[in-house]
Structure formats: structure tokens, C-alpha cells
Amino acid sequence: MITLYNTDAITEICTLNDCLECLVTEEENGLFELELTYSISSNNFSDIQNNRVVKAKASDELGEQLFRIYYISNEISGKIYVKAQHITYDLIDNFVENITCTKSTCQESFQAMLLKCEYEHNFKGYSDIEHTTTYNLSRVNPLEAILGTKGSLLDTYGNGAKLKRDNYNIYLNKTRGNNNGVTIAYSKNITGYKREIDETDVITCIYPFAKVQTEIGEGDNVSTIEETIVLPERFVNSKYINNYPHAKILAVDYSEREVKDIASLRTLANKYFKETNKDIPNVNYKVEFVYLHQAIEYQTHNLKALELVGMGDTVTVIDERIGMNVEANVIKTVFNVLTNRYESIELGRF
């Protein structure tokens with residue numbers, strides 16, 4: 001069911017029974033939008049107005065979500081074309097003058113930032129990222145403060161953090177999705193794929209450093225100086241450094257990670273490649289396949305749960321003809337609200 005609400009997202013106006021098409025697209029840490037085509041011959045087509053809110057099923061994982069209309073196009077064919085953004089995009093219109101959190105977890109910084117918004121809202125932020133650091137931003141909208149700019153929560157606490165939006169609840173967690181043992185294989189359900197390999201952002205060697213404050217002197221003559229700590233060996237190499245024609249070096253600042261000495265700096269630096277996978281090319285497969293979770297045979301024989309796929313889930317892709325047997329994550333879904341089926345699912349990070 002597709003329901004239209006007033007701008008408050010509470011007052012129900014009508015049920016949109018005459019939709020010709022309704023698709024919800026979600027991308028990992030990115031776009032979350034509904035597109036709807038409606039007939040002008042319907043009695044309530046005039047109720048569809050900018051800033052009103054549509055509630056519709058967004059995916060098997062998320063269920064019904066709220067989307068605010070921002071674009072309407074009337075066509076001579078007798079249709080109106082509507083675009084609506086997930087309700088969390090309301091945060092773009094809010095404002096955070098400044099926010100500073102020291103030695104805070106991601107959830108603590110998240111909640112503090114939302115409390116600093118210029119006008120009241122219903123959004124709540126959650127995170128299971130446990131390490132503490134300093135979070136500092138000025139003159140941004142709250143959505144930028146979450147993932148849209150340098151110094152955002154995603155940038156500060158990152159290391160592959162994943163965003164999940166569930167109406168007014170926003171999660172920035174270590175991971176999203178599960179591995180339910182789903183297999184996509186040639187001769188089973190795979191119909192096509194395209195592989196893309198991008199080495200643009202590959203790093204194979206880092207130069208870690210940290211700026212620390214040190215007190216010198218005694219009594220009334222104590223002063224503070226800033227010291228930069230670097231490793232005696234200077235660099236930390238990836239185990240894949242010889243896979244490339246030359247080293248790809250990046251300076252990494254650990255000043256906000258409670259570095260006290262060379263040993264603590266080395267401990268953090270040695271985790272860099274394991275935490276970021278920056279030494280591995282970005283490999284993306286656009287895979288086309290039959291989604292067996294929605295097949296009648298699977299539902300009839302109670303096998304439906306075995307093929308359930310959602311955003312962030314890990315699946316195995318097999319094509320024995322070319323020796324391909326790899327795991328990948330769901331990074332984009334397009335859900336057809338009217339048929340209650342995925343139109344397409346895109347896989348990446350193989």
C-alpha cells in the first residue's frame with residue numbers, strides 16, 4: 001500500500017491506488033529516493049503536492065519508509081512523474097553552527113550533533129562504533145555532519161562504517177547486512193555481469209605521525225610544547241606493496257587517536273590496511289540475476305529465507321567457466337513497490 005500524508009508526515013490524506021509505477025532506489029551510504037508515476041484521471045491525483053510525504057515499502061529489509069516529495073512533472077500523456085527523498089533529507093534544511101566533542105564515541109557525537117540543530121526535529125542517531133576521538137564541525141547542515149563533508153561522522157569514525165536509515169532513526173554502524181549463504185551462480189540464477197577494477201585510491205605505504213602536547217618545566221615554570229611523533233622506520237608497508245610498479249604513499253595523521261609514544265603510534269599504524277583495505281583495488285560487479293527469494297517455487301517449498309538479500313548483505317558469486325568464486329556485498333537496490341519485487345540489485349567490494 002502507498003499512502004500520502006500531509007507535510008507533517010502524520011496526517012493521512014489518501015491511499016494512492018492508481019500508481020502506474022513506483023520504484024525505491026537505495027545506494028550504500030548514498031541516494032535513497034522514491035520515484036512514482038501516477039494517472040491524472042485518478043480522483044486524488046491533485047492531492048500529490050510538493051513537500052507532502054509518501055509512505056511505501058522500500059525493501060524487504062526496511063519495510064515501509066517515509067519519502068518527502070520534492071519534484072512533480074506533468075506530462076501531456078496524462079501522467080504525473082514524482083520524485084521524493086527519504087525523510088532523513090529533511091536534515092539538509094536544518095543547521096548546526098558548531099559542534100565539538102572530545103574523547104567521544106560515534107553515538108555520543110551523533111546525539112550531541114542532533115541536539116545542536118537550529119530547530120527541533122524527530123531524528124535520533126545510533127552507532128555501535130566504540131573507539132573515541134574528537135569530532136569537530138562548524139556551519140554545516142546535519143546530513144553533511146553525518147556523511148557529507150570532511151570531518152563528518154563517517155569521515156571521523158569511518159573505516160568502512162555503513163549508514164542505515166529507518167524513518168526517523170539513523171544508524172552509522174561498523175557494518176550493515178549479513179551473510180545468509182546466498183549464492184549467485186552461472187546456470188543457477190545469474191544472467192549477466194560487468195566487472196570494473198579501479199586503482200585510483202589504492203595506498204600501499206603510509207607515513208604515520210601524531211602531534212602531541214608535552215609539558216616541560218616544573219612548578220610555575222611549566223609550559224607546553226607540541227611534538228610530532230614519527231616511527232623510527234618512518235613507513236608502514238602493505239603486504240601487497242610489490243603487486244604494483246611503485247609504492248603509493250599516504251601520510252596519515254593520528255593526532256586525534258590518543259597517541260602517547262612511538263609504541264602506540266606503531267600499534268595504530270599496523271592496523272591501517274586491515275581496517276581500511278586501501279591496499280586493494282576497488283572491484284565492482286554489476287550483476288544481473290534472478291532473485292530466487294521472490295520465485296514462486298521457493299515460497300511454495302519454504303525456501304524463501306535461504307535466498308533473502310538486502311543492502312550490505314554478503315553473497316557468493318560463482319562462474320566456474322572462468323574460475324570465479326568470490327564474495328561480494330549488496331551496494332544498491334531498486335525495489336518495485338507495486339510488484340513487491342527487486343527490479344535490480346548491484347554488488348560490489350569483491
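**Notebook: a three-stranded sheet and some ring contacts**

I began with Gly 125, which stands opposite Ile 170 in E12. The model is a predicted one.

I then looked up which strands pair here. E9 and strand E12, residues 169–173, run in the parallel sense and share three bridges. I traced the rest of the sheet: it is open, has three strands in the order E9-E12-E11, and its pairing is mixed. At the edges I find strand E9 (124–126) and strand E11 (162–166), each of which pairs on one side only. For the twist I noted an average turn of 20° between neighbouring strands of this sheet, direction ignored.

Next I checked what packs on the sheet. Helix H1, residues 106–115, does so and touches E9 and E12. I recorded about 165° between the direction of H1 and that of E9.

I turned to charges over rings. Lys 164 has its charged end over the ring of Tyr 171, 5.9 Å from the ring centre. Residue 164 falls within the range of strand E11 (162–166), and residue 171 within that of E12 (169–173). I logged another case at Tyr 71, where Lys 83 lies over the face at 5.4 Å from the ring centre.

Last, I went through the aromatic pairs and got a count of seven. One of them is Phe 335 with Tyr 342, an edge-to-face pair with 5.3 Å centre to centre and 80° between the planes. Are these two rings' residues buried or exposed? I class Phe 335 as buried because its relative accessible area is 0%. Tyr 342 is also buried, because its value of 8% is under the 20% cut-off.

Conventions:
Residues numbered from 1 in each chain as written. Predicted model: local features only at pLDDT ≥ 70, side-chain atom pairs only at ≥ 80, totals over all residues. Heavy atoms only, no water. Pairing = 2+ DSSP bridges. Helix = DSSP H or I, 4+ residues; strand = E, 2+ residues; numbered from the N terminus. Axes fitted to C-alpha atoms, helices over the stretch in contact; angles between N-to-C directions. Contact = heavy atoms within 4.5 Å. Phe/Tyr/Trp six-rings, centres within 6.5 Å; stacked < 30°, edge-to-face > 60°. Buried < 20%, exposed > 50% of the residue type's maximum accessible area, 1.4 Å probe, protein only. Lys NZ or Arg CZ within 6 Å of the ring centre and 35° of its normal.
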